Structures are given as C-alpha cells and as structure tokens.
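This report covers selected local features of one protein chain. The sequence and coordinates are shown below.

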Amino acid sequence: MGKAHTQLLKEINLDNVRRAMRQTGSATKPQLAEATGLSVVTIASLVKELIQIGEIYEGKAAHSTGGRRPVTYHYNYNVCMALLVILHVHKEEVLVSVINLNGDALKKQTHSVANFDVDEICAIVDEYGAAYPAIKMIGMGIPGQQVDGEMKVSSHENLIGARLTETIQQRCALPVWWENDINAALSGYCTKYPPNEGESVIGLFFPAHRPPGLGIYIDGKLFKGKNGMAGEIKFLPVDVDWYQPLESRRFTEVVCYTLQLLNAVLAPDKIIIYQHRCTNEQLLAAWQAHEHDHPMPVSPKVIVSDGFGADFLRGLKAMVLRGLEEKAYE
C-alpha cells in the first residue's frame, strides 16, 4: 500500500470519527468503533490526533459494569466558528452573530449603521474577528444582488455599486459566503418546513419604504436565474413608488396582481409573504376576494408570516454551517 493511499485512508477515517463525534457530542472509544466500523486500536490513534489539534477533549470515565471504566470524549464545537452578518434593510441595522460548529450562538448583537456605511460594517467585522480568533469564515445576508463582487441591485440605494463582501474578504483575509435576504429567508422557512418532493415554494418580501423581493424554491433548492437576478420583482411594470408610504388598498391590489402573475407563470404549491405595509388580515382578505373575482385553474396556499428575521437567520446559518464544516476539516 502506497504512502499516499495510506494518508488518504487516514483522512477518511478521521472524517468518519469527526462526524460521529459531531452527531453525538460525546462518546467512548468502543462507541466510536461501533459507530464508524473501525477497530478500537485505530480509534485510539485517531482520538489521540484529534485531541492534539483541539477538536475533541477528554472527559470523565464512563460508567462500567466491570473492569476498567472507558473514558468519554467530547467534541469541541468551538474549534471552528463563523461570523454571521445580516443587514436588515427596513431598520438599517446589522445583526452580528458568532456561531460554532453546532450552530450555537456564542455572541449576538445588533448594531445601528446609518446608510449601511461599508467602512463601519468592516470595522464591526474587524472587532469580532479580533475577539474570536477561531472564526474561519463570514456569512453575510444582504438586501440585494451582487454580480462579480459589485452590488447591482439593492433594496437600499446606498449599497448599489458597493463591493461589500469583496472588501470584507480582502480586509479580513477570510472567505465570505453571502446570500440575498429573501433567498436566505425562504431557504430558512423551507429548512423549518421542508416541502414535499416535487413541491415549489415562493417567498415574497415587502419591507416598509423599500422595494420588494422574491425568492423561488424548486426541487429542494433555490432558483436564482441569470446572474442571480430571478425574483427582482421591483422591475415589474407597476406604477408604485416603493420608497414612499402606500395606502393599504393600493398595496393589497399590487400584491394580488403579483400573486396572480406568479401563479399563472409558476403555479407554486405555496407562497410565503413577509410584509410590513398592512395587517395580515387585510392582505389575506384581499387575496380571497381577488381569487373569487379572478378564477384560476390552480391556487397556491398563501401564508402571511411575521417570521422574516428568524427565517433569514435560520437560512443563512444553515448555509454557513455547511461551509464551516468543510473549513473545520481542512
């Protein structure tokens, strides 16, 4: 057996032990051997290496019915961390959260950043990076769409033309993963409520005093279109100034028109609406009346949700954790 093959086999075995430890949180060597199919002798060698690099640590001896009690080992979820940075467009707030490999929030704080000043956001990221050296990557949720590092469209005019994630990546020398706000929120919703196989879900976000956005979830993944521009519904030919207050009746008319258009083109199983411009009851009543007056061959299940922030965070966290796991194993 060649040296390269032996090293590859060792890395595969290490990853198997890591995953077993991450899933259980703690285990003895015999339990790891049973979970991975490896011998106790091999497990002992791999555990020793993982202890040396700080991924696991030794705990108390486990209960035994006889003989020497086996030692319990615990996974160190803090060996690798990520910084989540979420830009909430309707409040000009930046939610910053430090998470570990288990998705636990070690620190969570909201910062007010006027006009989403890029230098101020970078300073906030620098502060957390210095306080938590185990941060290996940054996940950003942004109200807009980037193309080749430049913000081409955004719900916040000050971000258009900015090279936000690129600037942060260069400044912090860390990989930056990012996602559009409504895409992240829709992904978070579908993480909590997984669609059945073959079902499609659409997410609509109508923030106060800002243009709307749309996300499309088909066959278990987001559909983003050319340059990620699928869902930029503010470019629909609708006579609305989204930056100004909008009378509730006019707003519900526009929403109903948009729902009918989406249903005619995509026929989704479910549409989730996040909005801050009228009461949820007003919107649902308007849609029911619109459906009655405009019969369609199929109708989606329409849900008006107040959970945009929670879904946004959940979706971004899930995305970043997948990348963080890969980073932890490098």
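The sections below treat strand pairing, nonpolar cores, pockets and single residues in turn.

## Basis

The model is predicted, and local features are reported where pLDDT is at least 70. For side-chain atom pairs the requirement is pLDDT 80 or more.

## Strand β5 and its partners

Strand β5 covers residues 93–100, and 7 of its 8 residues are buried. It pairs with strand β4 (residues 81–88) in the antiparallel sense over 8 bridges. Within this pairing, Ala-82 of β4 stands opposite Ile-99 of β5. β5 also pairs with strand β6 (residues 105–112), again in the antiparallel sense, over 7 bridges. Glu-93 in β5 faces Ser-112 in β6 as its opposite residue, and Ile-99 stands opposite Ala-105 in β6. Ile-99 therefore has an opposite residue in each neighbouring strand, as strands count as paired when DSSP finds at least two bridges between them.

Two hairpins join these strands. The hairpin of β4 and β5 has 4 residues between the strands, and Glu-92 takes a positive phi near 50 degrees there. The hairpin of β5 and β6 has 4 residues between the strands as well, and in this one Gly-103 takes a positive phi near 85 degrees.

## Nonpolar cores

The largest nonpolar core holds 44 residues, and those that touch the most other members are Val-17, Met-21, Leu-32 and Tyr-274. Helix α9 (residues 308–328) gives the most to this core, with 8 residues. A second, separate core has 26 residues, including Val-96, Ile-124, Tyr-128 and Met-151.

What does Tyr-274 contact beyond its neighbours within four places in sequence? The list holds Ile-182, Ala-185, Tyr-189, Leu-204, Phe-205, Phe-206, Ser-305, Gly-307, Phe-308 and Asp-311. Tyr-274 belongs to strand β14 (270–275), and Phe-308 and Asp-311 among its contacts fall in α9 (residues 308–328).

## Pockets

The largest pocket has about 220 Å³ of space. Its lining consists of 13 residues, and the closest to the pocket centre are His-90, Lys-91, His-276, Phe-308 and Gly-309. Three elements, β5, β14 and α9, each supply at least two lining residues. By class, the lining of the largest pocket comprises 3 nonpolar, 7 polar and 3 charged residues. Phe-308 appears both in this lining and among the contacts of Tyr-274.

The second largest pocket has a volume of about 190 Å³. It is lined by 14 residues, and Ser-187, Tyr-217, Leu-222, Met-319 and Arg-322 lie nearest its centre. The elements that give two or more residues to this lining are α6 (181–192), β13 (221–223) and α9. α6 provides the largest share, 5 residues. By class, this second lining has 6 nonpolar, 5 polar and 3 charged residues. Helix α9 is thus named for the lining of the largest pocket, for that of the second largest pocket and for the largest core.

## Positive phi in loops

Most residues other than glycine have a negative phi. Asp-148 is not a glycine, yet its phi is positive, at about 55 degrees. Where does Asp-148 lie? It is placed in the loop between β8 (144–147) and β9 (150–154). Asp-148 counts as exposed because its relative accessibility is 70%, and the cut-off for exposed is over 50%.

Ala-267 is another residue other than glycine with a positive phi, near 45 degrees. Its place is the loop between α7 (248–266) and β14 (270–275). With a relative accessible area of 38%, Ala-267 is partly exposed, since that class lies between the buried limit of 20% and the exposed limit of 50%.

## Thr-165

Thr-165 sits in helix α5 (residues 164–172). Is this residue buried or exposed? Thr-165 is buried, because its relative accessible area of 7% falls under the 20% cut-off. Not counting residues up to four places away in sequence, Thr-165 touches Met-140, Gln-146, Val-176 and Trp-178. Gln-146 in that list falls within β8 (144–147), the strand that precedes the loop of Asp-148.

Notes: Residues numbered from 1 in each chain as written. Heavy atoms only, no water. Buried < 20%, exposed > 50% of the residue type's maximum accessible area, 1.4 Å probe, protein only. Contact = heavy atoms within 4.5 Å. Core = buried A, V, L, I, M, F, W, Y, C linked by side-chain atoms within 4.5 Å. 1 Å grid on protein atoms, 1.4 Å probe; cavity = no way out; pocket = protein on both sides within 12 Å on 5 of 7 lines; lining within 4 Å. Points joined across faces, edges and corners; volume = space filled by probe spheres on them. Nonpolar A, V, L, I, M, F, W, Y, C, P; charged D, E, K, R; others polar.
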